[in-house]
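User: I'd like to learn how to read contacts and loops in a multi-chain model. Can you walk me through it?

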Amino acid sequence: MMNILLLMFTAILVENFIFAKFYGCCPFLGVSEKPDTALGMGMAVTFVMTVSGGVTWFVYRFLLEPFHLEYLKTVAFILVIAALVQFIEMFLRRFVPALYSALGIYLPLITTNCAVLSSALLIVQNNYNFIEAVAFGFSAALGFTLAITVFAGLRARMNAADPPRAFKGFPLTLIAAGLLAMAFSCFSGVHL
Amino acid sequence: MKPTDVLIPVLIFAGMGILFGVILAVAARVFAVKKDARAEQIAEVLPGANCGGCGFSGCAAFAEAVVRGDAPANGCRAGGAACAAKIGEILGMEVTAATPVRAIVRCSGGAGHANLKYHYEGAADCLAAERMSGGDKMCATGCIGLGTCVAACRYDALHIVEGQAVVDADKCVGCGACASVCPKHLIELIPADAKYCVMCRSPEPGALTRKQCSAGCIGCKICEKQCPTGAISVNGCIAAIDYTKCTSCGACAAKCPRKIIREL
Amino acid sequence: MNKFLKQMKEGILDQNPTLVQLLGMCPTLATTTSVENAFGMGMAATVVLIFSNIFISLLRKFIPKQVRIAAYIVIISGFVTAVELLMQAYFYSLYQSLGLFIPLIVVNCIILARAEAFASKNPVLPSAVDGLAMGLGFTFALVILGSVREILGNGTWLGLRVLPESYPNMVIFLLPAGAFLTLGCVIAAVQKIRNTVEDRARLKEAMAKKAPAETKAKEDPAQ
């Protein structure tokens, strides 16, 4: 139990997907204009990453390993993720329309979110068991959600600022992200 | 290299592809959501600007609400009579258009009329300026003129002219998006065919208004006396026109000593 | 031939995928700690881009529209796996330092964006050139970023010492925070250049408009 909690803490803060690992920077920089859309994106990613963590673990353990096809894991995982995202989209639209209307527009974007694929690959690399795999997928996504929501709050305030013309827009966003990354880097001193 | 080295991966991946394909195809069938075709048809005839003037989160949401009966068929202000008629056709019923309205900024304090109490140098946003003791104008109801409403308008109908927001009546569709963001609640929706409007909202007594602005309503009640149909009333030193009674005769505007009842 | 040169210029400068189109941020930020890593990443992505563009262009008439994204991703991931295995065999140290970011080329938005926007609509040869141009543009941006970060963070360029030994290495540039800051400043510099070019063009246009008006005004009194 303890090691699961430690793993989750590490995945959320110490090795934050955005600020320490750079997984999922595209949606992080793209969908963080408004706090509520950022939260929606974060929740959609959390949902998909938790489920895909478990599913890709099964695919790897019972389909790829027995036939010594580990070298094809990238292809297999991206197939699983693409199919899974589409399946989740249809499932939600039918059974949880409220959640679908909240997350729907972000779901197609998630297929090409590298956070999902990298969490699947990291699970294999670190040899996690099934529970660890799901916990890792969930908490890494939680770290992503934390980062993107905090950053969206920052950006909402930054919109009122009046920077030099060359820094307007994307550069200013990146520099704010840099400052936030500095704040998060203090967690890297935590040894567990 | 044995042939199985190639064959097994090919078979496994083909199997995976077919499996996922079948699952998704079945899921598409099983999870198919019955959508009312009429909602989609209605969404197509709507302007599609998602302005929110109808009170729903967007054009698609409004279309669904109309089909459910939760929204009136003429609820789209931006689309106007033509849109309402098309929706009526889709639903198979008679629809009369709602009275078209337009937005108006009820202030004349631009072009240096309004006196300032301090020099504002903050973010170019009315909401931000409003927090700094209600903006830089001495008048508590005057237009701040930093264009929060301009940014809210999806039809390019609002512009800042000489330090004050002005509505372009030709472009305004009356969605009310600007009215809901104005921190001064200065923007009102009036009938689109209204000819005259009191371009001030300062409820202060005349003497105080004179100090604050050279173009404010002083509550002299001349317009009230001039109006033949009793459409104008002065409450708390500010004139207001009741458009249900107004006949657009123009008597009020002709006699207004401050020239703030204006022909539009 | 001219057309291809123009395409190359577009990919490397005018439409640089990283600095102008702002695509593929994850590898840009993560792998630019040194020039060597940056160059390796750029080249790996370029190879994948060229081959995936060629294949998608070849198959563009056979892939049904509804499943095209899935099909593109599978094609791309096939080439990524091939590149990954090749790097493991011949550039092992680079393979180790790039780590997970080699398989992550699959989800690099530049590659999917080019597949969707260019290769699926154009014949094979232009698609291949487009892949090369965009890949080189990506590599170019990565090398610039890697140079800044390696020189400031470690005092070296491609492993060669360029700043004196006494230079206190600013490690912040090698940390994640430094990646964001450097990229922000580089893109700001690019925007500055673009702004200046645009302003100049506008000025020229305004002058050109004004000039005939002035000559007209001069002529008028004569009439």
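Analyst: Sure. Start with the contact rule: two residues are in contact if their C-beta atoms, placed from the backbone, lie within 7 Å. Keep in mind that this is a predicted model.

User: Okay, let's try that on one residue. Leaving aside neighbours within four places in sequence, which residues is C:Leu174 in contact with?

Analyst: Once those sequence neighbours are set aside, C:Leu174 is in contact with C:Thr33, C:Arg149, C:Gly153 and C:Asn154. As for its place, C:Leu174 sits in the loop between β2 (160-161) and α8 of chain C. You can also look at C-alpha separations: C:Leu174 and C:Gly146 are 28 residues apart along the chain, and their C-alpha atoms are separated by 9.5 Å.

User: Why does C:Leu174 count as partly exposed?

Analyst: You count C-beta neighbours: a residue is buried at 20 or more within 10 Å, exposed at 12 or fewer, and partly exposed in between. C:Leu174 has 18 other C-beta atoms within 10 Å, so it is partly exposed.

User: Now the interfaces. How many residues does the contact take from chain C and from chain A?

Analyst: A general remark to begin with: interface size is often given as the accessible area lost when the parts come together. Here we go by residues instead. The contact takes 32 residues from chain C and 34 residues from chain A. On the chain C side, the elements giving two or more residues are α2 (25-30), α4 (68-90), α6 (109-119) and α8 (176-222). The largest share of that side, 11 residues, comes from α8(C). By residue type, the chain C side that touches chain A divides into 25 nonpolar, 6 polar and 1 charged.

User: And what about the contact between chain A and chain B?

Analyst: That one takes 16 residues from chain A and 14 residues from chain B. Helix α4 (residues 73-95) of chain A gives the most to the chain A side, with 9 residues. The chain A side that touches chain B splits into 12 nonpolar, 1 polar and 3 charged.

User: Last one: backbone angles. What is the phi of B:Ser133?

Analyst: A useful habit is to check each such residue for its angle, its place and its exposure. B:Ser133 is not a glycine, yet has a positive phi of about 45 degrees. B:Ser133 lies in the loop between α5 (126-131) and α6 (148-152) of chain B, and counts as exposed because it has 10 C-beta neighbours inside 10 Å.

User: Where is B:Asp156, and how exposed or buried is it?

Analyst: B:Asp156 is in the loop between α6 and β2 (158-161) of chain B. With 10 C-beta neighbours inside 10 Å, B:Asp156 counts as exposed. B:Asp156 has a positive phi of about 55 degrees although it is not a glycine.

How values were computed
Residues numbered from 1 in each chain as written. Chains lettered and ligands numbered in written order. Predicted model: local features only at pLDDT ≥ 70, side-chain atom pairs only at ≥ 80, totals over all residues. Helix = DSSP H or I, 4+ residues; strand = E, 2+ residues; numbered from the N terminus. Nonpolar A, V, L, I, M, F, W, Y, C, P; charged D, E, K, R; others polar.
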